[in-house]
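Trainee: I've got a structure open and a pile of "how do you know" questions. Can we go through them together?
Mentor: Sure, pull it up and ask away.

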Number of protein chains: 2
Amino acid sequence: MSIAIQGERGSFSHEVAEKLFGKSVPIVACESFPELFAVTLGPRARAEAAVVPIENALYGSIHQNFDLLLRYKATIFAEAYHRIELCLIGAAPSRVARGARVLVHPVAAGQCARFVKKHRLTISLAADTAGAVRELMQARPADTYAIASAHAAKLYGASVLARGIEDDAKNFTRFLAIGQGAKKLERTKAAHKTSLAFVLPNTPGSLFRALGAFTLRDVDLAKLESRPMRGRPFEYLFYLDAVGSLAEARVQKAVAHLEELAEKLWVLGSYPTAVDRRS
Amino acid sequence: MSIAIQGERGSFSHEVAEKLFGKSVPIVACESFPELFAVTLGPRARAEAAVVPIENALYGSIHQNFDLLLRYKATIFAEAYHRIELCLIGAAPSRVARGARVLVHPVAAGQCARFVKKHRLTISLAADTAGAVRELMQARPADTYAIASAHAAKLYGASVLARGIEDDAKNFTRFLAIGQGAKKLERTKAAHKTSLAFVLPNTPGSLFRALGAFTLRDVDLAKLESRPMRGRPFEYLFYLDAVGSLAEARVQKAVAHLEELAEKLWVLGSYPTAVDRRS
């Protein structure tokens, strides 16, 4: 079984893939999220599953990946909350030089704004965090660092110069393990969350009634988000996570009831949570 | 009346400030969002109002600014949906040189990823889009461009080399005009949206009952988003936009009913929408 990730070996997605599938899991590294979905769920798929970030504690939902989940009819079969700890990484141990250049992913750059400003680092954007470390170790340019995980530093034989350099220490990202439809949809009692997406008719009270399908069956909600649909003003796509497994009758019935009310409904999966022991 | 914005003159926030307050409105340029809130709502405020981005069609809610809205007890008195059109800008007219350097805000860099890749541009991060153009025109470094609005190019006497270079043309951002409490809270019939934030008790069905306060009074919702509260697992902060003005009795009563049900409630404002005529 090989697992697709966005970015290279040593990325945060790779860390999560190892947490969910074991240390020696074969990785298919993808440049972009559209490539990752195609590689896993397209007509010529060559990965059995993928690990994809979906929500960040600081920045909210990654709508692009929700869009791709729906477009490819992906099934979620696990989730993991993963702590994103960023490090300043050098080719060799040294003190942090003021005004040095740093290779960094744009989102990571935003998360380390204070550190970058304090040390007056000049930023060169990289497509992913681990790729920045690989590039650093290959070319070994003078006065240049990378920002990535300690895992990436270790993988490429680089040195961690400063650890935990992000502005906000509560920097968690929620990742999903996804794969093809029914094959991966394990309707076991072990699943503790069921994810849905739906479109409601644009009539007053439609959301209230939709939530009634859950509340009237004592099914709790873990997430509810409305998102305007592009090019369709006043129409919303909803993401909803219900607490419970599709193996439970009350969850099944709530979903069937929602299907009656919704114009469109996607059952994205029913799955367990992998807990991050370091958190 | 002076208006605080994050970024410099010529930024998208500046465009929105001109749309809402007129072409000659005095601007207080702030480096960061925390500075913007302090300048407008802190003990030594020197701006009467501020314009702040709150939600992007592609990237979702900007949670940092929701946090600041609550912390400073800001009042929203208008909103505007603004089209973000990015341009490649040079010091003088020329063809786009492959491999040139480009000064760009990290979010704008993410939005123009395809164009940057196609032209193999090297990225240097800038704190804001308009500032990148100003820097370009001051230092006039060789083979260097900026990415910003056409407005910024005009303001600093620079040349637009390519227009609409963002990956997704449906790149809208929702901006809010905010100010101090009651002073700015105009409870007029002209307001068409009322924004609330609240925390519910962690009991089954609490969200269903909260929505009932609106649905049972025929008050429609324009936005509903749940967001996990940091450091408080299983507790959620909700953002809700109701369609209607606080000048209407049914909206007032729905808010009073929600106050009975919520552990905490913030009334963020009741305000009209400024429509972008170019969209």
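Trainee: What makes people say that the copies meet through the same surface?
Mentor: Keep in mind that this is a predicted model. Here 100% of the interface residues of chain B are also interface residues in chain A, so both copies use the same surface to meet. The contact takes 31 residues from chain B and 31 residues from chain A.

Trainee: Which elements of chain B supply the side that touches chain A?
Mentor: Strand E4 (60–61), helix H4 (106–111), strand E8 (122–125), helix H9 (206–215) and strand E13 (221–229) of chain B each give at least two residues. E13(B) gives the most, with six residues. Sorted by kind, the residues on that side of chain B are 14 nonpolar, eleven polar and six charged.

Trainee: How do you know how the two copies are related?
Mentor: Two copies of a chain are related by a rotation about an axis and a shift along it. For this pair, a turn of 180 degrees and a shift of 0.0 Å along the axis lay chain B on chain A with an RMSD of 0.0 Å. The copies are thus related as by a two-fold rotation axis. In chain B, the C-alpha nearest that axis belongs to B:Glu225, at 2.1 Å.

Trainee: Into which domains is chain A divided?
Mentor: Domain 1 covers 3–84 + 171–183, domain 2 covers 87–163 and domain 3 covers 186–274. Between the C-alpha centres of domain 2 and domain 3 of chain A there are 41 Å.

Trainee: How do you know whether the length of helix H10 of chain A agrees with its number of residues?
Mentor: Set the expected span against the model. H10(A) has 13 residues (249–261), and at 1.5 Å a residue they should span 18 Å. The end C-alpha atoms are 19 Å apart, which agrees.

Trainee: And what makes its buried residues line one face?
Mentor: The buried ones in H10(A) are A:Val251, A:Ala254, A:Val255 and A:Leu258. Looking down the axis of H10(A), the buried residues fall within an arc of 100 degrees, so they line one face of the helix. On the face turned away from the buried side, H10(A) carries the exposed residues A:Ala249, A:Ala256 and A:Glu260.

Trainee: Is A:Asp218 buried or exposed, and how do you know?
Mentor: Count the C-beta neighbours. A:Asp218 has 11 inside 10 Å, and the cut-off for exposed is 12 or fewer, so A:Asp218 counts as exposed. A:Asp218 is in the loop between helix H9 (206–215) and strand E13 (221–229) of chain A.

Trainee: What is noted about the phi of A:Asp218?
Mentor: Most residues other than glycine have a negative phi. A:Asp218 isn't a glycine, yet its phi is positive, about 55 degrees. In chain B, B:Asp218 also has a positive phi of about 55 degrees. B:Asp218 is exposed, with 11 other C-beta atoms within 10 Å.

Trainee: Why is A:Ile89 called buried or exposed, whichever applies?
Mentor: A:Ile89 has 28 C-beta neighbours inside 10 Å. The cut-off for buried is 20 or more, so A:Ile89 counts as buried. A:Ile89 is part of strand E6 (residues 87–90) of chain A. Leaving out residues up to four places away in sequence, A:Ile89 touches several others, among them A:Val133, A:Leu136, A:Tyr145 and A:Val160. A:Pro204, on the other hand, is 115 residues away from A:Ile89 in sequence and 54 Å away in space, C-alpha to C-alpha.

Trainee: How do you know whether B:Ala17 is buried or exposed?
Mentor: B:Ala17 has 26 C-beta neighbours inside 10 Å, so B:Ala17 counts as buried. B:Ala17 is found in helix H1 of chain B. Its contacts beyond four places in sequence are B:Ile3, B:Ile5, B:Val25, B:Ile27 and B:Val51. B:Ala17 and B:Val51 are 34 residues apart in sequence and 6.2 Å apart in space, C-alpha to C-alpha.

Trainee: What makes B:Ile84 buried or exposed, given where B:Ile84 lies?
Mentor: B:Ile84 lies in the loop between strand E5 (75–83) and E6 of chain B. With 21 C-beta neighbours inside 10 Å, B:Ile84 counts as buried. B:Ile84 touches B:Phe12, B:Asn171, B:Phe172 and B:Thr173, not counting residues up to four places away in sequence.

Notes:
Residues numbered from 1 in each chain as written. Chains lettered and ligands numbered in written order. Predicted model: local features only at pLDDT ≥ 70, side-chain atom pairs only at ≥ 80, totals over all residues. Helix = DSSP H or I, 4+ residues; strand = E, 2+ residues; numbered from the N terminus. Expected span 1.5 Å × (residues − 1). Arc of directions from axis to C-beta. Least-squares fit on C-alpha atoms with pLDDT ≥ 70 in both. Contact = placed C-beta atoms within 7 Å. Domains from an automatic or database assignment. Nonpolar A, V, L, I, M, F, W, Y, C, P; charged D, E, K, R; others polar.
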